[in-house]
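Open the model in a viewer and keep the selection panel at hand. The stops below are meant to be followed in order.

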Amino acid sequence: MEINLVTLTRSMLALLIALSGLAVATTASAGKRPEYDILASSASKPVPANLKAQSAQFIRPGSALHVHERFGVPTFLWASSQGSAAGLTALRAKLSGGVASASGAAPALTPEAAARAHMGTYASLYRATDADVSNLTVAHVHDVGRGPVIVQFKQVISGVEVFREEARVVMTRDLDLVSIAGYISSTEGSSFAAQRPFSSANAVAAAFSDLSGQVLGAAAFNSLGAAEGGYESVTLAVSGIDGAPTQPARIKPVLFHSTDGLQSAWYIEVDSANANGNAPDYYSYVVSAVDGSILCRHDLTAYDLARDFTYRVYA
């Protein structure tokens, strides 16, 4: 079995750009901002010595185990038949209470229950606890009546989503495990603060200031209340600001996984108008709810390059 380290290539590229002095300074009309992820500046960690031995019975023979270079947990794996069978056997035993059915028929399984059971079997590879698996929230179930069944889990702790951590459990029509993509975090030993001394208005102000180059405080923004998807809508309350948002920002509480563990943070989507008439710059941010530092910055806009296409039509 081969173990491959997965690198954050986009983030590392952004870091190199920033270090080369090409990052735009925070002045008025800051324009495009480089991609940033604080994890890119964190040192890589060696693959845990026991991971290969620990995963041997769970991984399809001859397949590679892809491992996060900073967290040391799988990011993709092909399941072995032994690992798949273990999850379904445990689930059927749980559903039957350890007592055989009078009809002899196996208990009916749902995709969600099967996927959660598979995650429970593989939890040790992620250093996750039974509570971590129980707290996984189903984000989506893909089942069109043919082909694979895919259950997407998000990690939610005390009602707060862990930013970008999810697992996609791919199963056959019979709910045998095929693969697990993505990863979840262990919450054991995490000492993140539930309090958020850095408010949502402060977080939006920090994100907009970074994006636009206009340094504004929390008093410049007003909350419009709850928005769809668990977000809060926040709007600029003052006029005459260069690069002012063209629409309200939206923000929600998240937990951010760093190499030091989980910390309280805010996820924000905010835009800044361009004076040259181009479409506004639209970015997502993750801002620490503890000290207001920027943990992640990502450009949400994409532009098609002008290019010519030649089409061949067959009649």
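Contact, as used on this tour, means heavy atoms within 4.5 Å. The model is a predicted one.

**Stop 1: Ser209**

Select Ser209, which lies in helix H6. Leaving aside residues up to four places away in sequence, Ser209 touches Gln214, Val215 and Leu216. Is Ser209 buried or exposed? Its relative accessible area is 11%, and buried means under 20%, so Ser209 counts as buried.

**Stop 2: His118**

Go next to helix H4, residues 111–122, and select His118 there. The relative accessible area of His118 is 0%, so this residue is buried. Show the neighbours: not counting residues up to four places away in sequence, His118 touches Ser84, Gly87, Leu88, Val169, Met171, Leu175, Asp176 and Leu177. Which backbone oxygen does the side chain of His118 reach? The partner is Leu175, at 2.9 Å. For a distance check, pick the C-alpha atoms of His118 and Ile180: they are separated by 9.1 Å, and the two residues are 62 apart along the chain.

**Stop 3: the core around H4**

Now select Leu77, Met119, Tyr122, Tyr126, Met171 and Ile180. These are the residues with the most contacts inside the largest nonpolar core, which has 35 residues. Colouring by element helps here: E3, helix H3 (81–96), H4, strand E6 (149–157), strand E7 (160–171) and strand E8 (177–182) each supply at least two residues of this core. H4 gives the largest share, five residues.

Centre on Met119 and display its contacts. With residues up to four places away in sequence left out, Met119 touches Tyr126, Val133, Leu136, Phe153, Ala167, Val169, Ile180 and Ile184. A second core, separate from this one, has 21 residues; Val204, Ile268, Val270 and Ala289 are among them.

**Stop 4: aromatic rings**

A pair of aromatic rings is described by the distance of the centres and the angle of the planes. How many aromatic pairs are there in the model? The count is eight. Select Phe58 and Tyr122: this pair is tilted, with 4.9 Å from centre to centre and 50 degrees between the planes. Phe58 sits in the loop between helix H2 (51–55) and strand E3 (64–68), while Tyr122 is in helix H4, so the pair links distant parts of the chain, 64 residues apart. Phe58 is buried at 10% relative accessibility, and Tyr122 is buried at 0%.

Move on to Phe208 and Phe221. Why is this pair edge-to-face? The ring planes are at 70 degrees, with the centres 6.0 Å apart, and planes over 60 degrees apart count as edge-to-face. Phe208 belongs to helix H6 (residues 200–212) and Phe221 to strand E9 (residues 221–227), so the pair ties together parts 13 residues apart in sequence. Phe208 is buried, with a relative accessible area of 0%, and Phe221 counts as buried at 6% relative accessibility.

**Stop 5: the aromatic cluster and Arg250**

Finish by selecting Phe163, Tyr231, Phe256 and Tyr267, which form one aromatic cluster. Add Arg250 to the selection: its charged end sits over the ring of Tyr231, 3.8 Å from the ring centre.

Note on methods:
Residues are numbered from 1 along each chain as its sequence is written. This is a predicted model: local features need pLDDT of at least 70, side-chain atom pairs count only at pLDDT 80 or more; totals for chains, interfaces and linings use all residues. Side-chain values use heavy atoms; hydrogens and water are left out. Helices (H or I, at least four residues) and strands (E, at least two) are DSSP runs, numbered from the N terminus. Buried means under 20% relative accessible area, exposed over 50%, partly exposed in between (1.4 Å probe, protein chains only). A polar contact is a pair of N or O atoms within 3.5 Å; within protein, one must be able to donate a hydrogen and the other to accept it, and residues adjacent in sequence count only if both atoms are side-chain atoms. Rings of Phe, Tyr and Trp (its six-membered ring) pair if their centres lie within 6.5 Å; planes under 30 degrees apart count as stacked, over 60 as edge-to-face and the rest as tilted. A charge sits over a ring if NZ of Lys or CZ of Arg is within 6 Å of the ring centre and within 35 degrees of the ring normal. A nonpolar core is a set of buried Ala, Val, Leu, Ile, Met, Phe, Trp, Tyr and Cys residues joined through side-chain atoms within 4.5 Å.
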